[in-house]
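Student: I have a structure to study and some questions about it. Can we go through it step by step?

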Amino acid sequence: KVRELLKQCLHSIYASTLKEDIEIFVVDNDSNDNCINYLQPIFPKVKYIQSNENIGFARANNLAINQASGKYILLLNPDTIIGEHVLENTVQFMENNPKTGALGVKMIDNSGHFLPESKRGFPTMWVSFCKLSGLNSLFKNSRLFGKYHLRYLDENQPHEVDILCGAYMLLRHEAIREVGSLDEKFFMYGEDIDLSYRIQKSGWKIQYLPTKILHYKGESAHKNDLHYVKIFFDAMYIFYRKHFPKYNLLYLCLVKLGMIVGQTL
């Protein structure tokens with residue numbers, strides 16, 4: 001439902017210095033805005049996939065991932081604009097670092113502010129509690145309370161991190177073949193956390209590179225309301241039930257407490 005932004009995004013890809021070596025898929029997740037018919041005359045080389053229902057972020061991306069033939073796969077939100085050297089720089093980093101399985105970038109919003117979800121730490125029960133309670137926001141640079149967004153790591157320097165954002169997530173195809181694609185149990189939110197965790201658990205590195213892209217955060221979702229909190233909680237509950245079943249009940253109690261605390265701050 002952001003076809004004008006998607007058009008800008010596609011223009012930015014075709015202006016890239018790497019444009020001759022890529023294939024582009026657009027998955028229309030039942031947007032009902034005549035997206036494909038609108039874009040096809042402008043971008044005839046794009047491969048379009050139409051879904052007749054909103055099947056969620058993970059399933060929609062997997063439709064394209066399953067057809068992709070490249071050495072690398074880039075998950076890219078439609079509400080992003082990339083600079084002309086971003087693709088070249090990130091692919092070159094992967095080429096120079098063969099143990100890197102996934103790479104993310106420095107995302108900024110349309111006001112020029114850094115988006116902290118560009119790099120994240122592993123969402124342990126404590127980290128999730130700090131996120132939902134608001135302690136992560138109150139003590140942004142704290143190594144104790146601020147591990148969700150890793151604000152204590154310089155945003156202008158490359159770092160090895162735990163979790164990347166699916167808005168720009170460059171994946172080594174070899175790593176995807178090894179660990180599998182996005183888990184379709186996650187409808188929206190959490191699938192990038194799950195995939196990052198599986199890639200890292202398999203021995204690949206997760207890297208953050210401070211090359212900038214523009215992300216119109218909030219065009220399709222507003223992340224500071226109770227609805228987002230519930231979606232985040234549900235996604236992390238699926239994550240813990242999948243990977244840490246013996247901590248399931250403890251996680252449930254702790255993060256619900258975090259939600260209560262967050263609503264009172």
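Student: Which residues does Tyr168 touch, not counting residues up to four places away in sequence?
Tutor: This is a predicted model, so read each contact as part of a prediction. A contact here means heavy atoms within 4.5 Å. By that rule Tyr168 touches Leu74, Leu75, Leu76, Ile82, Val86, Leu87, Thr90, Leu103, Gly104, Val105 and Ile213.

Student: Which residues touch the most other members of the largest nonpolar core?
Tutor: That core has 30 residues. Elements giving it two or more residues are α1 (3-14), α2 (35-39), α4 (86-96), β5 (100-108), β7 (168-172) and β8 (205-215). The two residues that touch the most other members are Leu10 and Tyr168.

Student: Which element gives the largest share of this core?
Tutor: Look among the helices and strands that give two or more residues, including α1, α2 and β8. The largest share is 5 residues. It comes from α4.

Student: How many residues are in the other core?
Tutor: This core lies apart from the largest one. Among its members are Phe25, Ala68, Leu195 and Ile206. Its size is 25 residues.

Student: Is Asp192 buried or exposed?
Tutor: Asp192 is found in helix α8 (residues 191-201). Buried means under 20% relative accessible area. Asp192 has 9%, so the term that fits is buried.

Student: Which residue has its backbone nitrogen 3.0 Å from a polar atom of the Asp192 side chain?
Tutor: Start with the contacts of Asp192, leaving aside neighbours within four places in sequence: Arg120, Leu164, Cys165, Gly166 and Met169. One of these has its backbone nitrogen 3.0 Å from a polar atom of the Asp192 side chain. That residue is Gly166.

Student: How many disulfides does the structure hold?
Tutor: Take two cysteines as examples. Cys35 is buried because its relative accessibility is 5%. Cys165 is buried too, at 9%. For disulfides, the structure's count is 0.

Student: Where does Pro116 lie, and is it buried or exposed?
Tutor: Pro116 is in the loop between β5 and α5. Its relative accessibility is 10%, so Pro116 counts as buried.

Student: How far apart in space are Pro116 and Leu150, C-alpha to C-alpha?
Tutor: In sequence they are 34 residues apart. Pro116 also contacts His149 and Arg151, leaving aside neighbours within four places in sequence. From C-alpha to C-alpha, Pro116 and Leu150 are separated by 7.9 Å.

Student: How many residues of helix α5 are buried?
Tutor: Helix α5 covers residues 125-133. Its buried residues are Met125, Val127, Ser128, Phe129, Cys130, Lys131, Leu132 and Ser133. Of 9 residues, the buried count is 8.

Student: What phi does Gly134 take?
Tutor: Gly134 comes just after α5. Its phi is positive, at about 95 degrees.

Student: What share of contacts join residues at least 24 apart in sequence?
Tutor: The chain has 265 residues, and 52% of them count as buried. Its secondary structure comes to 10 helices and 8 strands. Among contacts between residues at least 6 apart in sequence, the share joining residues at least 24 apart is 74%.

Student: Where is the pLDDT below 50?
Tutor: The chain averages a pLDDT of 89, and 90% of the residues score at least 70. One stretch falls below 50; beyond near neighbours in sequence, this stretch has 10 contacts in the model. The stretch is residues 219-223.

Terms used: Residues numbered from 1 in each chain as written. Predicted model: local features only at pLDDT ≥ 70, side-chain atom pairs only at ≥ 80, totals over all residues. Heavy atoms only, no water. pLDDT = per-residue confidence, 0-100. Buried < 20%, exposed > 50% of the residue type's maximum accessible area, 1.4 Å probe, protein only. Helix = DSSP H or I, 4+ residues; strand = E, 2+ residues; numbered from the N terminus. Core = buried A, V, L, I, M, F, W, Y, C linked by side-chain atoms within 4.5 Å. Polar contact = N/O pair within 3.5 Å; in protein donor to acceptor, adjacent residues only side chain to side chain. Disulfide = S-S within 2.5 Å.
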